[in-house]
Amino acid sequence: MDTPNLGIPNLGVPERLAARMSMPEQHEYLRAKLSRRKVLARSFAAAGTVAGAGLLTGSSSTAYGEGVPAAHTSSAPAAPVRVDGGLVAPFGRHLAFGADPRSQMRISWQVPLPVKAPYLRVGPKPWELSRKIEAEVRDLRTPSLSKKLPAVEQYYLHAALDGLEPGTTYYYGVGHDGFDPASPERMATLGSFRTAPARAEKFVFTAFGDQGVSYHALANDQLILGQNPSFHLHAGDLCYADTTGHGEDSDTYDARVWDTFLAQTESVAKSVPWMVTTGNHDMEAWYSPNGYGGQSARWSLPENGFDPRRAPGVYSFTYGNVGVVALDANDVSYEIPANRGYTEGKQTAWLDRRLGELRADQDVDFVVVFFHHCAYSTSRHASDGGVRDAWLPLFTKHQVDLVVNGHNHVYERTDAIKGGEVGRPVPVGASTDPTRDGIVYVTAGGAGKDLYEFGPGVRDSYEGHVHDRDEIATFHWTKARRSDPEKVAWSRVRYTGFSFLAVEVTPGAHPKLSVSALAENGERVDHFEVVRGARGVRGSQ
């Protein structure tokens, strides 16, 4: 989000209405508006032509956009022309774990034109891709939501791999009739991935939010690839297909930006599971009442949240000794209420249960939670009181070890916070024990979108350039959607540059998270450690 009060992704809804409309109301408005223009009538006729031609065949989903069939989630341009499959190359590959990273992987990709019989090949060696799996087809049709943009039809393909061996490298290729990835001339298109190990071992994961499409976003991706991470967490606001969100006729919602984003990300995401959740810019009102129909078509994520069809960005997984939980903060946000309360408290109830299960698991040392809106930040959007009210008591109850957010396009890291106050100062290079000190919150929103600043007179303070402050004037959002001023002492590290988070996980008798923030040029701007007391020790926060 780029404008605090007007940044709801409303896709052509007038500003005076969007300010007080929920996502379902915006969805209904857009559908009715375009129906009056007879866009829908033309799109359904085109959809019938496409289906009759049989150009895009494979297993097809029927439940994207809260019960809306995938083939009819949006309107379409004219029926495409038949093209030889040998001339159509897949692109935009991105991986995601299933619920069990030791044995499940989800592979997604895109084709620019309809193809016949899309599929995935997978095997233990590049020349032994003996297993062939039919792909699931999820197509999205987006009408011209701006006078400057054409209608767009996009084809997203997905394959689920189950029954894999832990700690094993697999090779794969994606193809269709006329494009066989196992053929000698196509082997350069193959990708690979490694499943999670059967037992805990040292590994690295990375994280950020608010990426978009830019040189800086691409540069961050390449630095991430150099970390050799086992997975990556993206804390929402993925591509910014809706760049402004002002709700005016001059706004652009360009669905094609998703194609560019996935092509940009492919160099990493084709081999590193790219685990995403939803930000405010990822609510796309056209596709479904809650705005997540587009995300459901483009991503295959673990379906172990409270309701994966309604909330695709809510899920969890365990990798080695780390339990990871993804949340949709649009559900609880006070700042941006378009989707507030859409789960009717079910997400929060699920979170309580899931955190309890993870903390009770003797193989899990650390619990990491990531979502978009900030619990604690002092930059432009500051802190969201809705997040604090709904989830901070649960983070404390279950002793969450690390919370990662985006939304503010900066890097900012707190001290260990306990009961809303500093439980223990955590300067650069320090260690903290969440069973004793409280929880560290990291805003990692410098992934590639235009950067924000901190308040007047507040200087950056990071490794090698420390400028500590005893107090910073900031605010948090209230339920009445007002900014309530507050003075805080917990803002420990601040950096207004492009950056990402890299976390090295060490298991054993004394497990630890070695957390670093790396700038776009590779310079380290922050580092600290999270360590826990001996197994079975449960302090209070």
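Let us start at V268, which is buried, with a relative accessible area of 0%. The model is a predicted one, and this valine is a good place from which to explore it. V268 belongs to helix α5. Setting aside residues up to four places away in sequence, V268 touches D221, I224, L225 and W274. There is also a long step along the chain to notice here: R93 is 175 residues from V268 in sequence, yet their C-alpha atoms are 9.2 Å apart in space.

Two of the residues that V268 touches, D221 and I224, lead us on to helix α4. This helix runs over residues 215-226. Its 12 residues reach 17 Å from the first C-alpha to the last, close to the 16 Å expected at 1.5 Å a residue. Which residues of α4 are buried? They are A217, A219, N220, D221 and I224. These buried residues pack against several elements: the strands β10 (203-208), β11 (231-234), β12 (274-276) and β26 (499-506), together with helix α5 (256-269). So that you can follow the reverse view, recall that V268 sits in α5 and touches D221 and I224. 

Now look at the two ends of α4. At the N-terminal end, S214 acts as a cap, with a side-chain oxygen 3.3 Å from the backbone nitrogen of H216. After the helix comes N228, whose phi is positive. N228 has its place in the loop between α4 and β11. Its phi is near 50 degrees, a positive value in a residue other than glycine. Is N228 buried or exposed? At 64% relative accessibility, N228 counts as exposed.

A382 makes a helpful companion to N228. The phi of A382 is near 55 degrees, again a positive value in a residue other than glycine. A382 is found in the loop between β15 (366-370) and β16 (383-384). With 1% relative accessibility, A382 counts as buried, whereas N228 is exposed.

Let us turn to the aromatic rings. How many aromatic pairs does a search of the whole structure find? The search finds 20. Take F203 and Y319: their ring centres are 4.6 Å apart and their planes stand at 55 degrees, so the pair is tilted. F203 lies in strand β10 and Y319 in strand β13 (residues 315-319), so this pair ties together parts that are 116 residues apart in sequence. Both rings belong to buried residues. F203 and Y319 are also members of one aromatic cluster, in which they are joined by F97, F205, F231 and F317.

Another pair has an edge-to-face arrangement: F475 and W477, at 5.6 Å centre to centre and with 80 degrees between the planes. Both F475 and W477 are buried.

Aromatic rings also meet charged side chains in this model. R380 lies over the face of Y452, at 4.0 Å from the ring centre. For K449, the ring in question is that of Y240: the charged end of the lysine sits over it, 4.7 Å from its centre.

From here, go to H94 in strand β2 (residues 91-97). H94 is buried, with a relative accessible area of 3%. What does a polar atom of its side chain lie 2.8 Å from? The partner is the backbone oxygen of R298. R298 appears again among the residues that H94 touches, along with R106, I107, S108, W109, L262, A269 and W299, not counting residues up to four places away in sequence.

S288 offers another polar contact between a side chain and the backbone. This serine lies in the loop between β12 and α6 (293-298). Although in a loop, S288 is buried, with a relative accessible area of 0%. A polar atom of the S288 side chain lies 3.0 Å from the backbone nitrogen of Y292.

Our last stop is A489, in the loop between β24 (483-488) and β25 (491-495). A489 is partly exposed, with a relative accessible area of 38%. Leaving aside neighbours within four places in sequence, A489 is in contact with D415, V422 and D470. The C-alpha atoms of A489 and D468 are separated by 9.7 Å, and the two residues are 21 residues apart along the chain.

Methods. Residues numbered from 1 in each chain as written. Predicted model: local features only at pLDDT ≥ 70, side-chain atom pairs only at ≥ 80, totals over all residues. Heavy atoms only, no water. Helix = DSSP H or I, 4+ residues; strand = E, 2+ residues; numbered from the N terminus. Expected span 1.5 Å × (residues − 1). Buried < 20%, exposed > 50% of the residue type's maximum accessible area, 1.4 Å probe, protein only. Contact = heavy atoms within 4.5 Å. Polar contact = N/O pair within 3.5 Å; in protein donor to acceptor, adjacent residues only side chain to side chain. Phe/Tyr/Trp six-rings, centres within 6.5 Å; stacked < 30°, edge-to-face > 60°. Lys NZ or Arg CZ within 6 Å of the ring centre and 35° of its normal.
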